[in-house]
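Biologist: Before I rely on any label in this model, could you take me through the terms and show how each one is earned?

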Amino acid sequence: MTKTIFEKIIDKELPANIIFEDEKCIVIEDISPKAPIHLLVIPKKPIKMLSAMSEKDQALLGHLMLTIKKVAEQLDIKDNFNVVINNGEKAGQTVFHLHLHLLSGKNFSDLLLA
Ligand code: AMP
């Protein structure tokens, strides 16, 4: 099967600005930022999308959320960020390898929840 862009970044076959990495995930800068800070938190396990996760991924999902907390603390944005997951093509997902958008420095509240 062909690798997604994110698998290639994880495997260091494509360049990216890596902010954080551990055995379970990688955090990179989005190539086309929609906010002053726009990072992508990507599990190394190639899960297609949130709705493809199963019960056995529970700890991984928690790890991704806690990674966001850790990175937000490091960047001094811990009280000022949004997390977005686009799930499926109709919801705007373009890369079919699960990723969480971490956005800061722009107010999305009207757009997302109005
Ligand atoms: P989504 O539309 O939710 O699937 O998000 C995919 C995100 O990946 C978009 O915000 C793109 O700007 C970003 N993206 C695509 N290619 C790259 C890349 N090579 N490096 C970093 N971010 C990328």
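The conversation below goes through the sheet, the helix and the ligand.

Modeller: This is a predicted model, in which local features need pLDDT of at least 70 and side-chain atom pairs count only at pLDDT 80 or more, while totals for chains, interfaces and linings use all residues. Residues are numbered from 1 along each chain as its sequence is written, and side-chain values use heavy atoms, with hydrogens and water left out.

Biologist: What makes S4 and S5 a pair?

Modeller: Two strands (DSSP runs of E, at least two residues) pair if DSSP finds at least two bridges between them. Three bridges join S4 to S5, residues 100-104, and the two run antiparallel, so the pairing criterion is met. Val84 has His101 in S5 as its bridge partner.

Biologist: Why are S1 and S4 said to stand at the edges?

Modeller: The five strands of the open sheet follow the order S1-S2-S3-S5-S4. Strands S1 (18-21) and S4 (82-84) each have a single partner strand, so one side of each is left without a neighbour in the sheet.

Biologist: What does helix H2 touch?

Modeller: Contact means heavy atoms within 4.5 Å, and helix H2 (residues 58-74) packs on the sheet, touching S1, S2, S3, S4 and S5.

Biologist: What makes the approach of a ligand oxygen to the side chain of His101 a polar contact?

Modeller: A polar contact is a pair of N or O atoms within 3.5 Å. A ligand oxygen is 2.8 Å from an N or O atom in the His101 side chain, so this pair qualifies. Likewise, a ligand oxygen lies 2.9 Å from a polar backbone atom of Gly92.

Notes: Helix = DSSP H or I, 4+ residues; strand = E, 2+ residues; numbered from the N terminus. Axes fitted to C-alpha atoms, helices over the stretch in contact; angles between N-to-C directions. Polar contact = N/O pair within 3.5 Å; in protein donor to acceptor, adjacent residues only side chain to side chain.
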